[in-house]
Amino acid sequence: MSFNNSSLVSKLPDVKTTIFTVMGKLANDYNAINLSQGFPDFASDPKLISLVAQAMSNGQNQYAPMQGIIELRESLAEKFDNLYGTSYHPEKEITITAGATQAIFTIIATFIHEDDEVIIFKPAYDCYEPAIELMKGNSVFVQLEAPHFGVDWNAVQQLINAKTKMIIINTPHNPSGTTWSKEDMLQLEELVKDTNIIVLSDEVYEHIVFDDQQHQSACLFPRLKERSFICASFGKTFHNTGWKMGYCVAPAELMHEFRKVHQFNVFCVNHPMQVALATYLKDPNNYQHISSFYQEKRDFFLKAIQGSRFSCTPSTGTYFQVLDYVAITDENDIDFSKRLVTKNKLASIPLSVFNPEGKNDTLLRFCFAKKKETLEKAAEIICNI
């Protein structure tokens, strides 16, 4: 008897190929400038590359401890103290992960049960909902309205009920390029203070905030910190997204449960890269100037497209800039973004794919984590549309 494919029952029946894969393939097929996916086209710091090579040469190529090497966890504890004046115990409250996405999936897998509700602010990065669906939980949406993507906290309060198990936040925010204020975090802290709701704070762009703003990490607010996981990414910070290296921090009792799932998910992650990062993080200069580095790129890109028919609100964080094309065409954003690739040789990401029911705000997301010459070529195309 042969295997019968018709007997398969998909656990994610409505999930299609991600927009990142679609636009990436189109960019390759049409030899387009790729400002769609969020990866730099410039190299990591040679010092960091050298440290990885040194760790490999020194034979640190076997399994790392499940939690991550203690030297890296200690370096991260120092970073939290330097940046936020708060502490996480290296042994009990910090775990090294295979990128932030694995941390996010593992948190959801650990704590979400059937029919639990998880509040998500839309548009949202696309890894949250499938993980919730796999755990038979229910995603509950709060729509952020363009162009400023502010939070209606009264609407959030009305959604909280006995089934609410988790709230997922993301600041600086992908895909909008906006940041949450201290007041936003205080509002969230007030809403959850008398509940058992877990906060999953996606802070992968924590080092990329502009115009002298301060990143409002969940760890800065005591009543949030006591119930929060913070997820972060070395790849986003140090220009090496292909390494898939990240970490998460949380109070010990939450992290204890997280590690139960983590150990059977990936067990541990890349050992020589951990060794290198542990050394690299000891110098705060390696992460304290990243905001100014990317602000220069944002400002260059915005100045270069000033003469275009696109309009925008300048990004306040991340390495993404959202542009409004309402003055150009009445096409939906997916069709327009595909036409930009096939006709104009420029790839972007349409924001409607991150919204409930494909809500179209005539916005495209462009990644400016690129070399100057790449941004110049992209700006020339944009100005000729």
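# Sheets, cavities and one buried serine

Guide: In this predicted model, strand S2 is joined by 4 bridges to strand S8 (residues 246-249), and the two run antiparallel. Within that pairing, Ile94 stands opposite Val249 in S8.

Visitor: OK, and which helices pack on the sheet there, touching S2?

Guide: Helix H3 (residues 70-84) packs on the sheet with contacts to S2, S7 and S8, and its direction makes about 115 degrees with that of S2. Helix H10 (residues 252-265) also packs on the sheet, touching S2, strand S6 (198-202), S7 and S8, with its direction at about 25 degrees to that of S2.

Visitor: What's the strand order in the sheet of 7 strands?

Guide: The order is S2-S8-S7-S6-S5-S3-S4 in an open sheet with mixed pairing. Strand S2 (94-97) and strand S4 (138-143) stand at the edges, and because each has a single partner strand, one side of each is left without a neighbour in the sheet. Averaged over the sheet and with direction ignored, neighbouring strands are turned by 20 degrees against each other.

Visitor: Switching topic: how many cavities of 30 Å³ or more are there?

Guide: The structure holds 2 of them. The largest cavity contains about 50 Å³ of space, and the second largest about 40 Å³.

Visitor: What lines the largest one?

Guide: Its lining consists of Lys79, Glu206, His207, Ala232, Ser233, Phe234, Thr237, Phe238, Tyr247 and Leu281. Strand S7 (228-233) and helix H9 (234-238) are the elements that give two or more residues to this lining, and H9 gives the most, with 3 residues. By character, the lining residues of the largest cavity divide into 5 nonpolar, 3 polar and 2 charged.

Visitor: And which residues line the second largest?

Guide: The second largest cavity is lined by Ile120, Phe121, Pro123, Ala124, Tyr128, Ile168, Ile169, Asn170 and His173. Strand S3 (117-122) and strand S5 (164-170) each supply at least two of these residues, with S5 giving the most, namely 3 residues. The lining of the second largest cavity divides into 7 nonpolar residues, 2 polar and no charged.

Visitor: What about the open sheet of 3 strands, how is it ordered?

Guide: The order there is S9-S12-S11, and the pairing is antiparallel. Strand S9 (320-324) and S11 stand at the edges with a single partner strand each, so one side of each has no neighbour in the sheet. S9 and S12 pair over 5 bridges in the antiparallel sense, and the bridge partner of Gln321 in S12 is Phe366.

Visitor: Which helix packs on that sheet?

Guide: Helix H14 (residues 333-344) packs on the sheet, where it touches S11 and S12, and its direction makes about 45 degrees with that of S12.

Visitor: One residue to finish: where does Ser352 lie?

Guide: Ser352 lies in the loop between strand S11 (349-350) and strand S12 (363-367).

Visitor: Buried or exposed, and why do you call it that?

Guide: Ser352 counts as buried because its relative accessible area is 5%, while the cut-off for buried is under 20%.

Visitor: Which residues does Ser352 touch, leaving out those up to four places away in sequence?

Guide: On that basis, Ser352 touches Asp333, Ile334, Gly358, Lys359 and Asn360. In addition, the C-alpha atoms of Ser352 and Thr362 are separated by 8.2 Å, these residues being 10 residues apart along the chain.

Terms used:
Residues numbered from 1 in each chain as written. Predicted model: local features only at pLDDT ≥ 70, side-chain atom pairs only at ≥ 80, totals over all residues. Heavy atoms only, no water. 1 Å grid on protein atoms, 1.4 Å probe; cavity = no way out; pocket = protein on both sides within 12 Å on 5 of 7 lines; lining within 4 Å. Points joined across faces, edges and corners; volume = space filled by probe spheres on them. Nonpolar A, V, L, I, M, F, W, Y, C, P; charged D, E, K, R; others polar. Buried < 20%, exposed > 50% of the residue type's maximum accessible area, 1.4 Å probe, protein only. Contact = heavy atoms within 4.5 Å. Pairing = 2+ DSSP bridges. Axes fitted to C-alpha atoms, helices over the stretch in contact; angles between N-to-C directions.
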